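Thanks for coming. I have one structure to go through today, so please look at it while I talk.

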Amino acid sequence: MPATTRVKICGLSTAKDIRVAAEAGARYVGFVFFPKSPRNVTIQQARDLAVDVPLGVAKVALTVNADNDLLDAITSAVPLDMIQLHGSESPERVTEVKARYGLPVMKVVGLSSADDLTRIADYETVADQILVDAKAPKDADLPGGNGLSFDWRLLEGREWAVPWMLAGGLHAGNVAEAIARTGARQVDLSSGVESAPGVKDPAKIREFMQAALA
Ligand SMILES: O=C(O)c1ccccc1NCC(=O)[C@H](O)[C@H](O)COP(=O)(O)O
């Protein structure tokens, strides 16, 4: 029997949404530390939310080209299980972050064409996980969380040395096909369970979880 898909819901900012996500079976919750984002949380907010996340649900801090001062502040205040690097961090920076904080690191690689796949190889020996996302358009305000998908056929037959997650424009109506086409055992989303940018919708979270875990 195939293993159950693991779901990460990103950009959570209320205790209620975290509870709904956890009760529906999410295995990871993500906190966005990026001031331009409608999902941004302060370190204090993230700390208050994180302490109540149920055991067994991993708490992930999403940062974008964060320096050590910011990561020091986040990791010293917020009980975390993983750091997600969603910017243009180099493989060397991934290694540095892992060593400095002693936490697993998930590096995001954005795809728009087969050429981008080579970048995954740069990170699979240094990151603990890879998050394969749609590449953000050059004029986008945000490097992720844009609700855009990419051609899943790019991933057919691909295998990597570390666990990976599929992201980019997933929602309840396409997640089953995305899993079937790519073989993803983990999926990640944000916009697809929102009623407006930054506003999670409990009904959409439940609907997505049912579709992903079916
Ligand atoms: O969500 C944000 O606002 C955000 C800001 C800066 C960097 C990344 C961001 N989000 C990443 C994600 O939420 C997801 O990991 C991924 O990009 C999929 O998002 P979506 O297509 O909205 O499901």
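**A barrel and what surrounds its ligand**

I'll start with a single pair of residues: Lys107 stands opposite Ile130 in β6. Please keep in mind that this is a predicted model. That pair belongs to a parallel pairing in which strand β5, residues 105–111, is joined to strand β6, residues 129–134, by six bridges.

Now the wider picture. Eight strands, β1-β2-β3-β4-β5-β6-β7-β8 in that order, close into a barrel with parallel pairing. From one strand to the next, the twist averages 25 degrees.

Let me carry on around the barrel from β6. Three bridges connect β6 to β7, and these two strands run parallel. One position to look at is Leu131, whose bridge partner in β7 is Met165. From β7 we go to strand β8, residues 186–189, where the pairing is again in the parallel sense, over two bridges. Here the bridge partner of Leu166 is Val187 in β8.

What covers β7, and on which faces? Trp164 and Leu166 are on one side, Met165 and Ala167 are on the other, and all of them are buried, so both faces of the strand are covered. As background, side chains in a regular strand alternate between the two faces of the sheet.

Next, the ligand. It is surrounded by 26 residues, and the closest are Ser37, Gly144, Gly145, Ser190 and Ser191. By type, the shell divides into eleven nonpolar residues, twelve polar and three charged.

I'd like to stay with one of those closest residues, Gly145. Gly145 sits in the loop between β6 and β7, the latter being residues 164–167. Is this glycine buried or exposed? Gly145 counts as buried because 28 other C-beta atoms lie within 10 Å, and the cut-off for buried is 20 or more.

Which residues does Gly145 contact, leaving aside neighbours within four places in sequence? They are Cys10, Gly11, Ser37, Arg39, Ser190 and Ser191. Three of those names, Ser37, Ser190 and Ser191, you have just heard in the list of residues closest to the ligand. As for Arg39, it is 106 residues from Gly145 along the chain, yet the two C-alpha atoms are separated by 9.2 Å.

Two loop residues away from that discussion. Asn65 is in the loop between β3, residues 58–63, and α3, residues 68–77. Its phi is near 50 degrees, a positive value in a residue other than glycine. For context, most residues other than glycine have a negative phi. Asn65 counts as partly exposed because it has 13 C-beta neighbours inside 10 Å, and exposed would need 12 or fewer.

The other is Asp201, in the loop between β10, residues 199–200, and α7, residues 202–213. Asp201 is also partly exposed, with 16 other C-beta atoms within 10 Å. Not counting residues up to four places away in sequence, Asp201 touches Val193, Glu194 and Ser195. Asp201 and Arg27 are 174 residues apart in sequence, and their C-alpha atoms are 18 Å apart in space.

Last, the annotation. An unreviewed UniProt entry lists residues 7–211 as "domain: N-(5'phosphoribosyl) anthranilate isomerase (PRAI)". In the model, the end C-alpha atoms of that span lie 11 Å apart, and the span is 31% helix and 22% strand.

That is what I have; questions are welcome.

Methods
Residues are numbered from 1 along each chain as its sequence is written. This is a predicted model: local features need pLDDT of at least 70, side-chain atom pairs count only at pLDDT 80 or more; totals for chains, interfaces and linings use all residues. A residue is near a molecule or strand if its C-beta atom, placed from the backbone, lies within 6 Å of it. Ala, Val, Leu, Ile, Met, Phe, Trp, Tyr, Cys and Pro count as nonpolar, Asp, Glu, Lys and Arg as charged, and the others, Gly among them, as polar. Two strands pair if DSSP finds at least two bridges between them. Helices (H or I, at least four residues) and strands (E, at least two) are DSSP runs, numbered from the N terminus. Axes are lines fitted to C-alpha atoms, for helices over the stretch in contact, and angles run from 0 to 180 degrees between N-to-C directions. Two residues are in contact if their C-beta atoms, placed from the backbone, lie within 7 Å. UniProt positions are given in the numbering used here, feature names are shortened, and annotations may be inferred rather than shown by experiment.
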